[in-house]
Amino acid sequence: MSRSKSSARWLQEHFDDPYVLQAQKDGWRSRAIYKLQELDEKDKLFKPGLVVVDLGAAPGGWSQWAAQQVGETGHVFALDILPVDPYAGVSFIQGDFREDEVYQNLLDALGDREVDLVMSDMAPNMSGNKAVDIPRAMHLVELTLELASQVLRKNGTVIMKVFQGEGFDQLLQNMRADYMKVISRKPKASRPRSKEIYVLGMGKK
C-alpha cells in the first residue's frame, strides 16, 4: 500500500472514529481520554490530592482527565516533546524524555514531592518494522520504570503503554519484583488493529 493511501485510510478512520467524535462533543483534547477513563473506572487510579506524572502528554487529554480527578489539592506534572496548551493544575515541561537534561528538569520540577502515579502514553514514531519499533518502544517503557523507581512513593502506581512483542513477558516478570500487582489492560478505545496494551504496576514495594 502506498504511503498516500495509508495516510488517507488513517484520516478516514480518524474522522469516522466514534471516540474522536465523542471527545470533540465532550470537550476533551483527544480520544485517548477514554482509554484512561476506562482504566480509572476498573482500577481506581485517581482520587483528590494525588501527585501525578504524565509522560507523552500531548495533546493533553490524559493530563486534563487527571487534573480534574485530583482536584485543587493535587497536581499533574506533564512532559512531552510537543507543546501542550496550558491547563489548570498541570505543570508542563517540553522536551525529549530520553535526554538527561529533560529528565532532570522533571525531577527538579517535582522537588521533594512523592509521586502517587506515573503514567505514560509515550510511543516512538512507528516505522512499521517490528525489529525497530518494539525495541524503541521498550526503551521508553524502561525509562518510565526508571523514573517510577526514583519518584514513586511506596504503594504508588505506574501505568504504561506497551507494544506486545519481544521482551514483553520479561517486562512483566521484572515488574512483579517491584510491584505487588501487575496487570495488563486493552481498553475498548484502543484501536483493534493496534498492538498497544497498557500495563499497570500497582503497589510499589
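Mentor: Before we start, a nonpolar core is a set of buried Ala, Val, Leu, Ile, Met, Phe, Trp, Tyr and Cys residues joined through side-chain atoms within 4.5 Å. Keep in mind that this is a predicted model.

Trainee: Okay, which helix gives the most to the largest nonpolar core?

Mentor: That core has 34 residues, and Val53, Phe97 and Leu147 are among those with the most contacts inside it. Seven of the core's residues come from one helix, spanning residues 130-151. The top giver is helix α6.

Trainee: Which residues does Leu147 touch, leaving out those up to four places away in sequence?

Mentor: Start with the ones you've just met: Val53 and Phe97 both touch Leu147. Then add the rest: Leu55, Tyr103, Leu106, Leu107, Val118 and Leu152.

Trainee: And how many residues are in the second core?

Mentor: This one is separate from the core we just discussed. Its members include Val52, Trp62, Leu117 and Leu200, and its size is 26 residues.

Trainee: Trp62 also forms an aromatic pair with Tyr198, so how are the rings arranged: stacked, edge-to-face or tilted?

Mentor: Look at the angle between the planes, which is 40°, with 5.7 Å centre to centre. Stacked needs under 30 degrees and edge-to-face over 60, with the rest in a third class. So the answer for Trp62 and Tyr198 is tilted.

Trainee: How many residues apart in sequence are the parts this pair ties together?

Mentor: Both Trp62 and Tyr198 are buried. Trp62 sits in helix α4 and Tyr198 in strand β7, so the pair links parts separated in sequence by 136 residues.

Technical notes:
Residues are numbered from 1 along each chain as its sequence is written. This is a predicted model: local features need pLDDT of at least 70, side-chain atom pairs count only at pLDDT 80 or more; totals for chains, interfaces and linings use all residues. Side-chain values use heavy atoms; hydrogens and water are left out. Rings of Phe, Tyr and Trp (its six-membered ring) pair if their centres lie within 6.5 Å; planes under 30 degrees apart count as stacked, over 60 as edge-to-face and the rest as tilted. Helices (H or I, at least four residues) and strands (E, at least two) are DSSP runs, numbered from the N terminus. Buried means under 20% relative accessible area, exposed over 50%, partly exposed in between (1.4 Å probe, protein chains only). Contact means heavy atoms within 4.5 Å.
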